[in-house]
Amino acid sequence: MINIPTKARVVIVGGGISGCSVAYHLAKLGWTDIVLLERKQLTSGTTWHAAGLIGQLRASQNMTRLAKYSADLYVKLEAETGIATGMRQNGSITVALTEERKEEIYRQASLARAFDVDVQEISPQEVKMLVFTQN
Ligand SMILES: Cc1cc2nc3c(=O)[nH]c(=O)nc-3n(C[C@H](O)[C@H](O)[C@H](O)COP(=O)(O)OP(=O)(O)OC[C@H]3O[C@@H](n4cnc5c(N)ncnc54)[C@H](O)[C@@H]3O)c2cc1C
């Protein structure tokens, strides 16, 4: 039987990534009187299904900043907590099969550069080389 406090400075409902993140960041700011309520098991909701991918380029600069912040945080978490997160920074390759799609990807690449996301344009030959080197 768990004794749940009857009062707290902050009560967070839901122990998915959102609730855990709020608890983590409040604790980092020095808040101690935090209760996180989870009806089942921590991360057993949608968070359990997530593939764990952190796409860097988002629709706005602020969302891109948030994704970048998350990636940087997950890299540092093991050193901070002693618990391995399994975080690996692999990057990704987006390929186009049509000229129109290529144009669209080039535009996304320009946006990525404007948002300070590391992006490189590579040739089909380089894609082949990279894919074969990885496998
Ligand atoms: C198949 C799949 C793959 C995905 N892959 C990715 C990915 O690669 N990268 C990515 O960034 N995102 C991914 N997502 C999206 C990501 O999983 C969600 O955006 C994220 O997990 C949402 O987290 P959350 O904390 O808001 O919700 P949840 O993880 O659903 O957490 C809500 C929690 O609240 C609890 N709860 C609900 N009601 C109550 C109550 N009344 N009292 C107490 N507890 C309650 C639930 O039990 C649950 O644990 C994926 C989603 C799916 C479905």
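Student: Let's start with Asp116: is it buried, partly exposed or exposed?
Tutor: Keep in mind that this is a predicted model. Asp116 has a relative accessibility of 57%. The cut-off for exposed is over 50%, so Asp116 counts as exposed.

Student: Where does Asp116 sit?
Tutor: Its backbone is worth a look, since phi is positive at about 65° although Asp116 is not a glycine. As for its place, Asp116 is in the loop between α4 (99-114) and α5 (124-134).

Student: And Thr43, what is its phi?
Tutor: Thr43 belongs to the loop between β2 (34-37) and α2 (46-49). With a relative accessible area of 32%, Thr43 is partly exposed. Its phi is positive in a residue other than glycine, near 65°.

Student: Which residues make up the nonpolar patch on the surface?
Tutor: Take Val13 to begin with, a residue of strand β1 (residues 10-13). Val13 has 73% relative accessibility, so it counts as exposed. Together, the patch residues offer about 520 Å² of accessible area, and they are Ile2, Ile4, Val11, Val13 and Leu37.

Student: How is α1 oriented relative to α3, roughly parallel or roughly perpendicular?
Tutor: The axes of α1 (residues 17-28) and α3 (residues 61-81) come within 14 Å and cross at roughly 65°. Angles of 65 to 115 degrees count as roughly perpendicular. Therefore α1 is, relative to α3, roughly perpendicular.

Student: Is the crossing of α1 and α3 left-handed or right-handed?
Tutor: This is the pair whose axes come within 14 Å. As α1 passes α3, the crossing is left-handed.

Key
Residues are numbered from 1 along each chain as its sequence is written. This is a predicted model: local features need pLDDT of at least 70, side-chain atom pairs count only at pLDDT 80 or more; totals for chains, interfaces and linings use all residues. Side-chain values use heavy atoms; hydrogens and water are left out. Patches are made of residues with over 30% relative accessible area and no salt bridge: like charges are joined within 9 Å, nonpolar side chains (Val, Leu, Ile, Met, Phe, Trp, Tyr) within 5 Å. Accessible areas come from the Shrake-Rupley method with a 1.4 Å probe; for residues, only the protein chains shown count as cover. A salt bridge is a side-chain nitrogen of Lys or Arg within 4 Å of a carboxyl oxygen of Asp or Glu. Helices (H or I, at least four residues) and strands (E, at least two) are DSSP runs, numbered from the N terminus. Buried means under 20% relative accessible area, exposed over 50%, partly exposed in between (1.4 Å probe, protein chains only). Axes are lines fitted to C-alpha atoms, for helices over the stretch in contact, and angles run from 0 to 180 degrees between N-to-C directions. Angles under 35 degrees count as roughly parallel, over 145 as roughly antiparallel, 65 to 115 as roughly perpendicular and the rest as oblique. A crossing is left-handed if the near helix is turned anticlockwise from the far one by less than a right angle, and right-handed if clockwise.
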